[in-house]
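Me: Please take a close look at one loop residue of this structure, and then set it in the context of what surrounds it in the two chains. I am new to this structure and would welcome a connected account.

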Amino acid sequence: MPDTAMPILDVKGLKTVFRTRGGEVHAVNSVDFDLRPGELLGVVGESGSGKSVTMMSLLRLLPSPPAEMRDGKVMFDGQDLLKISPEELRKIRGSKIGFIFQDPMTSLNPVYTIGFQLAEPLRAHLGMSKAQARTRSVELLQLVGIPDAERRLKDYPHQFSGGMRQRVMIAIALACDPQVLIADEPTTALDVTIQAQIIELVKELRQKLGMAIIWITHDLGVIAGIADRVMVMYAGQVVEEGPVGEIFRDPQHPYTQALLKTVPAVRGPREEKLQVIEGQPPIMHGAPVACSFRNRCQYAFDRCSEENPELRSVSAPGHRAACFLLDKASTPEPEAVNG
Amino acid sequence: MAEVETVAPLVKVRDLKMYFPIHAGLFRTHVGDIKAVDGISFDILPGETLGLVGESGCGKSTVGRSILRLYDVTAGTVEINGFEIAHVDRDSLRSKRPMMQMIFQDPQASLNPRMTVASIIGEPLDEHMKLSSDERLARIYELMDWVGLNREFAKRYPHEFSGGQRQRIGIARALALNPKFIVCDEPIAALDVSIQAQVVNLLEELQERLDLTYLFISHDLSMVRHIADRVAVMYLGRIVEVGSREALFAEPLHPYTQALLSAVPEPDPESERHRKPIVLQGDVPSPSNPPQGCNFSTRCPKVMDICRQIEPAVRDFGEGRQVACHLYSESMQTTAEPTAGDITN
């Protein structure tokens, strides 16, 4: 992917806080990232790491209260999405930026036909007539590989299978030719053979339509197959980012390293014992003052509990990680520390 | 494990069928059946882990539940530790319950939110054993130690724990009565990646220490490859292939197993770039109206005419490898008797 191209989406210092009865939860803590035209950015992290909240914050999709966007800038098309009026934002949502949610059953409206839900963005954003919208809807369903498209427009979501519903979701997200598509765990609720179908479809559509995609998942295998660049999140922060090959071949952050080791493979040699990351992710009741991974990190040392590491560059271009180990002359070998 | 051939299986399932009736119309007449499990047979040896894989709706959880008689099975026999389970009356079944237990998928839903950890783990003890309160507490503490829960948490409620810890409570409860056989129904599906490995390692440790036998039901093929000794693959209510872990993952024979394995993406960008998965067309047919002939014939990339007419018989490939597919109809002999096979490989 061209490194020199201007980013289509540029996020700086994004901070989102939820105010709950049990106190504040800092879900997104100063997240910076950008997305270049035509690129597929994979966002990896466990539940609660803030990956979905980050993407929902970009489009101000979180209900407020309890969510509160404390800080940050989201530059898209020369505008700051966090500053523009709700009317202007509505013109962008679903037209220039499309969104695919994890669970196609709960994100489609069960009382409207698929045809109606497909036509809605077309009529609202592109001002199409009913007939035009209908023609385009049929095209879209054909594009995502739903057979007998014309007839299926009259069907309701429950008449589709899980994989087909996810295709409908993709069709709706693509309706207005978005420049950016945000896919939040689009295959997590699906079986592997259906997941393979959807991934092939997205690869194909990407070539055909050339949009930039943000793909959120916890499945490192999926990311390895489709992403150009990967961003690893932990406790609401980006702990590592870089080109996909670099992240998998030479992960720098101990969390990324551990994450890659805990997943057993279906091919190749089989591990006798699974590596584990002891403990569990923290709940952030305040802005991070120290490394959030230190309690689970086998390399943690004094400095890790004194300040919060910022992203710093690693040898390979575009590869950055937030870890103090990178400041040390050399990274310790895992074997030496395991003991 | 060299003398495997001489060991009698702990669990013996023969031609198990579990149909759920469909009632419709004003008079709720019986109009058909959902054939969730449609004639499956397998053995599990003592101390072994059999992995049962398949996609959602293929009937794998129903298999787990029916062999523990959580359902009244439609037909077939289930023998656990020499006792017939499938058709005995309630009272004699109750006395057999301690030896067979279950770990459920969702620890949130399978633990009573109003009971403390101690009362959840202690409930099976109250039901099946007569212990003094000191003995009971000692046993609860022992179980909590086994699964790595702090004893101080005995008085806490399930909502105070994380998903991984809740699953540990469910495991402790399943172990309370010294079972021989445990059905693990997607025990890690609801957990985060970094927590999954912790629970799987715990299950392996406990198996070694307590000499347990597992039926490990999962849709996660890489985890099954890690934990199981032998693997059975289900599709639409039937087992399409059984084999030792090494053989099955190295060289899947049934077209469905091939597609299933090839669909799993691998965390390696280099190999992913060149990998061409077998992408199946269409969706799984409804189990209330399975296709004629082979159940997989509607999606099979290697389908032949015969597949749409005749249901393939189970063929034995030796060393415990069995495949139900017409592709291998010549040269192989048909067998009705499932073998436990050689897990040493």
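**A loop residue and its setting**

Reply: B:Arg69 lies in the loop of chain B that runs between α1 (60-67) and β4 (75-80). The model in which it is seen is a predicted one. What is the sign of phi at B:Arg69? It is positive, at about 60°, although the residue is not a glycine. As general background, most residues other than glycine have a negative phi. B:Arg69 has 19 other C-beta atoms within 10 Å, and since a residue needs 20 or more to count as buried, it is classed as partly exposed.

Further along chain B, B:Asn81 is another residue other than glycine with a positive phi, here near 55°. B:Asn81 belongs to the loop between β4 and β5 (83-84) of chain B. With 17 other C-beta atoms within 10 Å, B:Asn81 is partly exposed.

Chain A has backbone features of another kind. The loop between α1 (51-58) and β4 (67-76) of chain A contains A:Pro65, and A:Pro66 is found in the loop between α1 and β4 of chain A as well. A:Ser64 and A:Pro65 are joined by a cis peptide bond, with omega about -5°. The bond that leads from A:Pro65 to A:Pro66 is also cis, and its omega is near 10°. In general, most peptide bonds are trans.

A further loop of chain A, between β12 (320-321) and α12 (334-338), holds A:Leu326. A:Leu326 counts as partly exposed because it has 17 C-beta neighbours inside 10 Å. Apart from residues up to four places away in sequence, A:Leu326 touches A:Gln252, A:Arg312, A:Val314 and A:Ala321. The C-alpha atoms of A:Leu326 and A:Pro157 are separated by 50 Å, and the two residues are 169 places apart along the chain.

From the loops, the account turns to the helices of chain B. Which residues of helix α4 (residues 117-128) of chain B are buried? They are B:Val117, B:Ile120, B:Ile121 and B:Gly122. The elements that cover these buried residues of α4(B) include α5 (133-146) and α6 (163-175) of chain B. The axes of α4(B) and α6(B) are 7 Å apart, and the two helices pack at an angle of about 25°. An angle under 35 degrees counts as roughly parallel, so α4(B) is roughly parallel to α6(B). The crossing of α4(B) with α6(B) is right-handed. In this contact, B:Val117, B:Ile120, B:Ile121 and B:Pro124 of α4(B) meet B:Ile169, B:Ala172 and B:Arg173 of α6(B). Six of the residues in the contact of α4(B) with α6(B) are nonpolar, none is polar and one is charged.

B:Ala172, one of the residues that α6(B) brings to that contact, can be followed further. Its partners, with neighbours within four places in sequence left aside, are B:Ile121, B:Leu143, B:Met144, B:Trp146, B:Val147 and B:Leu149. B:Ala172 is also among the residues with the most contacts inside the largest nonpolar core, together with A:Ile214, B:Phe216 and B:Val233. That core has 187 residues. Helix α7 (residues 162-174) of chain A supplies the largest share of this core, seven residues. As a general tendency in soluble globular proteins, nonpolar side chains are buried together.

The two chains also meet directly. How many residues of chain B are in contact with chain A? There are 34, and they touch 35 residues of chain A. On the side of chain B that touches chain A, two or more residues come from each of α7 (193-210), α8 (221-227), α10 (255-263) and α11 (269-274) of chain B. α7(B) gives the most to this side, with seven residues. By class, this side of chain B comprises 18 nonpolar, nine polar and seven charged residues.

One helix pair across the two chains can be described closely. Helix α8 (residues 192-209) of chain A packs against α10(B) at an angle of about 55°, with the axes 8 Å apart. Such an angle makes α8(A) oblique to α10(B). Their crossing is left-handed. From α8(A), the residues A:Val192, A:Thr193, A:Gln195 and A:Ala196 meet B:Ala259, B:Leu260 and B:Ala263 in α10(B). The contact of α8(A) with α10(B) has five nonpolar residues, two polar ones and no charged ones.

Definitions and conventions: Residues numbered from 1 in each chain as written. Chains lettered and ligands numbered in written order. Predicted model: local features only at pLDDT ≥ 70, side-chain atom pairs only at ≥ 80, totals over all residues. Contact = placed C-beta atoms within 7 Å. Helix = DSSP H or I, 4+ residues; strand = E, 2+ residues; numbered from the N terminus. Nonpolar A, V, L, I, M, F, W, Y, C, P; charged D, E, K, R; others polar. Core = buried A, V, L, I, M, F, W, Y, C linked by C-beta atoms within 7 Å. Buried ≥ 20, exposed ≤ 12 C-beta atoms within 10 Å, placed from the backbone. Axes fitted to C-alpha atoms, helices over the stretch in contact; angles between N-to-C directions. Parallel < 35°, antiparallel > 145°, perpendicular 65-115°, else oblique. Left-handed = near helix turned anticlockwise from the far one by under 90°.
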